[in-house]
Amino acid sequence: MSAACRRVPRIRRARRARRARRAALRALAVAGVLAFTLFPAYFMLVSALSQGPSSGADALLPTSITLDNFRFVLAEAGFLRYLANSLAVAGLTVAGSGVLALLAAVAVARFRFRLRTTVLVMVLIVQMVPLEALVIPLFLQVRDLQLLNSLLGLAAVYIALALPFAVWMLRGFAAAVPAEVEEAAYIDGCSWGRMFWSVLLPLVAPGLVATSVFSFITAWNEFILALTFMNDSDQYTVAVGLRQFFGQYTTDWGSVMAASTVITLPVMVFFLLVQRGLVAGLTRGAVR
């Protein structure tokens with residue numbers, strides 16, 4: 001056997017060894033990223049299930065598993081009421097911002113009118129304004145409309161905050177739909193409303209799902225406006241209700257972590273329900 005033939009098995013073994021090392025390094029890198037990403041959620045759950053003054057704050061494993069923190073949060077602290085308020089506000093925000101943003105996006109993408117570019121620039125400028133600078137003007141407007149301490153008033157504010165991003169994102173989806181599709185629908189006898197409902201809406205639905213995720217998270221996690229506009233504890237959202245577990249000198253970390261776990265679950269469920277549409281929307285927007 002020649003020397004070249006003898007080298008072939010060694011070369012193949014060396015290649016397999018290199019591929020195995022690269023696969024092992026990739027697996028370690030992925031495991032490290034997952035551990036770094038999931039550790040806060042794991043620590044939150046461990047602290048919520050632990051029993052004692054520290055509630056798992058000094059250990060990575062629960063010393064004794066208990067559901068007392070969850071019972072206290074849901075039954076005695078009235079956190080279910082805060083969950084219902086947040087779900088109502090987030091639902092109104094998603095529905096209202098989705099409808100208004102879709103209509104506005106179709107208008108600026110399809111129709112030609114004076115100051116169309118100016119309208120788009122103004123929408124973008126509104127998105128750049130810090131939330132802290134809008135608290136007082138929004139408070140005065142909501143007060144004048146007599147919507148203070150109202151879930152409807154808070155939802156209206158969140159819709160206004162979510163609209164700029166939603167309009168800009170949906171505009172790209174609406175503009176990407178070929179005009180020939182609409183013309184074909186008109187030739188087949190569709191009215192504008194039928195064309196919008198049966199032709200345009202299914203094509204921009206992935207973008208609508210993507211914007212709904214942003215609107216839901218905006219309404220679910222917001223704290224400053226909810227604290228400013230709500231005076232009645234029965235109207236608090238989960239972000240404001242979580243504050244009751246922080247005392248002046250002590251903090252009930254077990255209740256805090258249990259409430260944080262409860263707050264996280266609806267977001268996870270909502271994301272799981274719309275993840276297919278979200279991925280399709282992001283992919284379609286990138287390709288187009």
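What follows is a conversation between a trainee and a mentor about a predicted model of a protein chain.

Trainee: How many helices and how many strands does the secondary structure of the protein chain come to?
Mentor: This is a predicted model, and reading along the sequence of its protein chain gives the pattern α-α-α-α-α-α-α-α-α-α-α. The secondary structure therefore holds no β-strand to look for, and the count comes to eleven helices and zero strands.

Trainee: Among contacts between residues at least 6 apart in sequence, what share joins residues at least 24 apart?
Mentor: It helps to begin with burial, where 34% of the 288 residues of the protein chain count as buried. Turning to the contacts between residues at least 6 apart in sequence, the share that joins residues at least 24 apart is 72%.

Trainee: How do the rings of Phe 39 and Tyr 42 pair, and which word describes the pair?
Mentor: A search of the whole structure finds eleven aromatic pairs. In the pair of Phe 39 and Tyr 42, the ring centres are 6.5 Å apart and the planes stand at 40°, an angle that is neither under 30 degrees, as stacked rings would need, nor over 60, as edge-to-face rings would need, so the pair is tilted.

Trainee: Why are Phe 39 and Tyr 42 separated by about one helical turn?
Mentor: An α-helix has 3.6 residues a turn, so residues three or four places apart point the same way. Phe 39 and Tyr 42 both belong to helix 1, which covers residues 3-49, and they are separated by about one turn because they are three residues apart.

Trainee: Are Phe 39 and Tyr 42 buried, exposed or partly exposed?
Mentor: A residue counts as buried under 20% relative accessible area and as exposed over 50%. Phe 39 has a relative accessible area of 40%, while that of Tyr 42 is 35%, so each of them is partly exposed.

Trainee: How many residues apart in sequence are the parts that the pair of Tyr 82 and Tyr 236 ties together?
Mentor: The rings of Tyr 82 and Tyr 236 have centres 6.3 Å apart and planes at 40°, so this pair is tilted. Tyr 82 lies in helix 3 (residues 79-110), whereas Tyr 236 lies in the loop between helix 9 (224-229) and helix 10 (238-241), so the pair ties together parts that are 154 residues apart in sequence.

Trainee: Which residues do ring pairs link into a cluster with Tyr 82 and Tyr 236?
Mentor: Tyr 82 and Tyr 236 are both buried. Ring pairs link these two tyrosines into a cluster with Phe 72, Phe 79 and Phe 245.

Trainee: Leaving aside neighbours within four places in sequence, which residues is Asn 85 in contact with?
Mentor: Asn 85 is found in helix 3, and at 9% relative accessibility Asn 85 counts as buried. Once its neighbours within four places in sequence are left aside, the residues in contact with Asn 85 are Leu 151, Asp 234, Gln 235 and Tyr 236.

Trainee: Which exposed residues does helix 5 carry on the face turned away from its buried side?
Mentor: In helix 5 (residues 135-144), Val 135, Leu 138 and Val 142 are buried. They cover an arc of only 70° around the axis, which puts them on the same side of helix 5. What covers these buried residues includes helix 6 (151-176) and helix 9, whereas the face turned away carries the exposed residues Ile 136 and Asp 144.

Trainee: What is the handedness of the crossing of helix 3 and helix 8?
Mentor: The axes of helix 3 and helix 8 (residues 192-221) come within 8 Å and cross at roughly 140°. That angle makes helix 3 oblique to helix 8. Among the residues that meet there are Leu 83 and Leu 87 in helix 3 and Phe 216 and Trp 220 in helix 8, and the crossing is right-handed.

Trainee: What is the handedness of the crossing in which helix 4 passes helix 6?
Mentor: The axes of helix 4 (residues 116-128) and helix 6 come within 8 Å and cross at roughly 135°, which makes helix 4 oblique to helix 6. The contact is made by residues including Leu 120 and Val 123 of helix 4 and Phe 165 and Trp 168 of helix 6. The crossing of helix 4 and helix 6 is left-handed.

Conventions
Residues numbered from 1 in each chain as written. Predicted model: local features only at pLDDT ≥ 70, side-chain atom pairs only at ≥ 80, totals over all residues. Heavy atoms only, no water. Phe/Tyr/Trp six-rings, centres within 6.5 Å; stacked < 30°, edge-to-face > 60°. Helix = DSSP H or I, 4+ residues; strand = E, 2+ residues; numbered from the N terminus. Buried < 20%, exposed > 50% of the residue type's maximum accessible area, 1.4 Å probe, protein only. Arc of directions from axis to C-beta. Contact = heavy atoms within 4.5 Å. Axes fitted to C-alpha atoms, helices over the stretch in contact; angles between N-to-C directions. Parallel < 35°, antiparallel > 145°, perpendicular 65-115°, else oblique. Left-handed = near helix turned anticlockwise from the far one by under 90°.
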